[in-house]
Amino acid sequence: MPSLLAFFTPISGGSPNANQIDDLYKITLYIALVIFVLVEGALVYALVRFRARKGAVPAQIRGNTRLEVGCTVAAAIILIALASVTFAKLASIKNPPNSGPAGDATAQTGGHLMYASTERKLPPNGKALDIQVIGRQYIWQYVYPGQTESDGLGAPLTYEKMVVPTETTVSLDIVSSDVVHSWWIPALGGKFQAVPGYHNYTWFKISKPGRYHGQCAFLCGRGHARMLADVEAVPPAQFDAWLASLKQQISAANGAAKEARAKLGAQTGAGQVENP
Ligand SMILES: [Cu+2]
């Protein structure tokens with residue numbers, strides 16, 4: 001039975017906000033199931049019990065105030081209950097919690113303490129790992145904190161696969177470089193659009209190492225189907241080592257590019273080379 005119900009409810013298990021969304025669906029589903037059984041049961045009972053017999057004249061009933069008021073009040077009570085549960089859970093879906101004690105201490109601040117705004121919700125202590133998600137036709141790009149160059153450029157970045165530390169609250173800043181895309185890793189929470197010129201924010205916090213799949217959820221052009229996304233959660237120490245090696249690779253590539261530009265500049269004159 002649980003697996004059958006899971007078919008009707010969202011994927012969850014990756015992050016607390018995804019779990020809360022799943023809980024809300026389940027509560028609504030259980031209430032709807034009870035109503036479904038009651039209504040369909042009454043219908044089937046009436047069909048069998050009062051099935052037409054030759055020459056039978058059905059009872060002529062015109063209105064039943066008590067029944068009508070009762071149905072309206074019951075529906076209103078259900079509606080109020082669903083709304084109350086939704087609003088009670090909304091805060092824990094929108095507002096991220098602090099990172100756990102085992103969370104990534106260095107990554108949490110990302111070199112700076114962030115400030116919450118009306119759009120961007122942050123954990124109570126203001127510390128989260130800040131990753132920018134950029135939608136591009138047709139690939140997801142992720143920019144991690146920490147520049148490799150003194151001029152503020154050369155931030156570590158990856159495509160398609162995002163690597164994050166476990167037990168750490170990750171705050172996502174979702175943007176687009178071209179058209180509207182939609183960021184969605186079902187097990188890690190709700191869907192967020194990447195809209196050119198706007199910032200949308202969401203978060204997740206993964207407790208155990210693992211891999212979570214998703215893909216662009218908004219038709220963005222002919223390569224849309226290839227726009228896959230993966231989030232891999234690794235222990236904080238492993239994340240730090242991974243980020244350090246990524247920075248090293250980017251630094252080395254920047255150094256090599258600088259050298260190549262200088263060499264080309266010496267041959268053709270610096271004015272001929274782009275970005276001398
Ligand atoms: Cu797309």
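What share of the contacts in the protein with a separation of 6 or more comes from residues 24 or more positions apart? The figure is 65%, where a contact means heavy atoms within 4.5 Å. Keep that number in mind as you click around.

**Before you start**

You have a predicted model open, with residues numbered from 1 along each chain as its sequence is written. Local features need pLDDT of at least 70, side-chain atom pairs count only at pLDDT 80 or more, totals for chains, interfaces and linings use all residues, and side-chain values use heavy atoms, with hydrogens and water left out.

**The whole chain**

Turn on the cartoon: the protein has five helices and 10 strands. Both are DSSP runs numbered from the N terminus, helices being H or I with at least four residues and strands E with at least two. Now colour by accessibility. Of the 276 residues, 33% count as buried; that label means under 20% relative accessible area, while exposed means over 50% and partly exposed lies in between (1.4 Å probe, protein chains only).

**Stop 1: strand 1 and its partners**

Select residues 129–136, which make up strand 1. Six of these eight residues are buried, so the strand is largely enclosed by the rest of the structure. Add residues 169–176, strand 5, which pairs with strand 1 in the parallel sense over seven bridges. Pairing here requires that DSSP finds at least two bridges between the two strands. Next add strand 2 (residues 139–143), which runs antiparallel to strand 1 and is joined to it by five bridges.

Zoom in on G135. Its bridge partner in strand 5 is S176, and in strand 2 it stands opposite W140.

The link from strand 1 to strand 2 is a hairpin through two residues. Show Y138, in the loop between these strands, and look back along the backbone: a cis peptide bond joins Q137 and Y138, with omega about 5°.

**Stop 2: over to strand 8**

Keep strand 5 on screen and select residues 200–205, which are strand 8. The two strands pair in the antiparallel sense over six bridges. For one such bridge, pick T169, whose partner in strand 8 is K205. Five of the six residues of strand 8 are buried, so this strand too is largely enclosed by the rest of the structure.

**Stop 3: the cavity**

Stay with strand 8 and switch on a void display. A search of the whole structure finds one cavity of 30 Å³ or more. On a 1 Å grid over the protein atoms alone, a cavity is a set of points where a 1.4 Å probe fits but cannot get out; a pocket is an open set with protein on both sides within 12 Å along at least five of seven lines; and lining residues have an atom within 4 Å of a point. Grid points are joined across faces, edges and corners, and a volume is the space filled by probe spheres set on the points.

The largest cavity holds about 60 Å³ of space. Select L172, W183, I185, L188, G189, G190, T202, W203 and F204 to see its lining. Strand 8 gives the most, with three residues. By class, the lining has six nonpolar, three polar and no charged residues. Here Ala, Val, Leu, Ile, Met, Phe, Trp, Tyr, Cys and Pro count as nonpolar, Asp, Glu, Lys and Arg as charged, and the others, Gly among them, as polar.

**Stop 4: the pocket**

The largest pocket has a volume of about 290 Å³. Of its 18 lining residues, select I93, K94, F192, Y201 and T202, the closest to its centre. Helix 2 (16–49), helix 3 (65–94) and strand 8 each supply at least two lining residues, with helix 3 giving the most, at four. The lining divides into seven nonpolar, seven polar and four charged residues.

**Stop 5: the loop before strand 5**

Which is T166, buried or exposed? T166 is buried, at 6% relative accessible area, and it lies in the loop between strand 4 (161–165) and strand 5. Leaving aside neighbours within four places in sequence, its contacts include G103, I206, A233 and P236.

Step along to E167, in the loop between strand 4 and strand 5. E167 has phi near 60°, a positive value in a residue other than glycine, and is partly exposed at 23%. Finish by drawing a C-alpha to C-alpha distance from E167 to P101: it comes to 7.6 Å, although they are 66 residues apart in sequence. P101 sits in the loop between helix 3 and helix 4 (105–109) and is exposed, at 88%.
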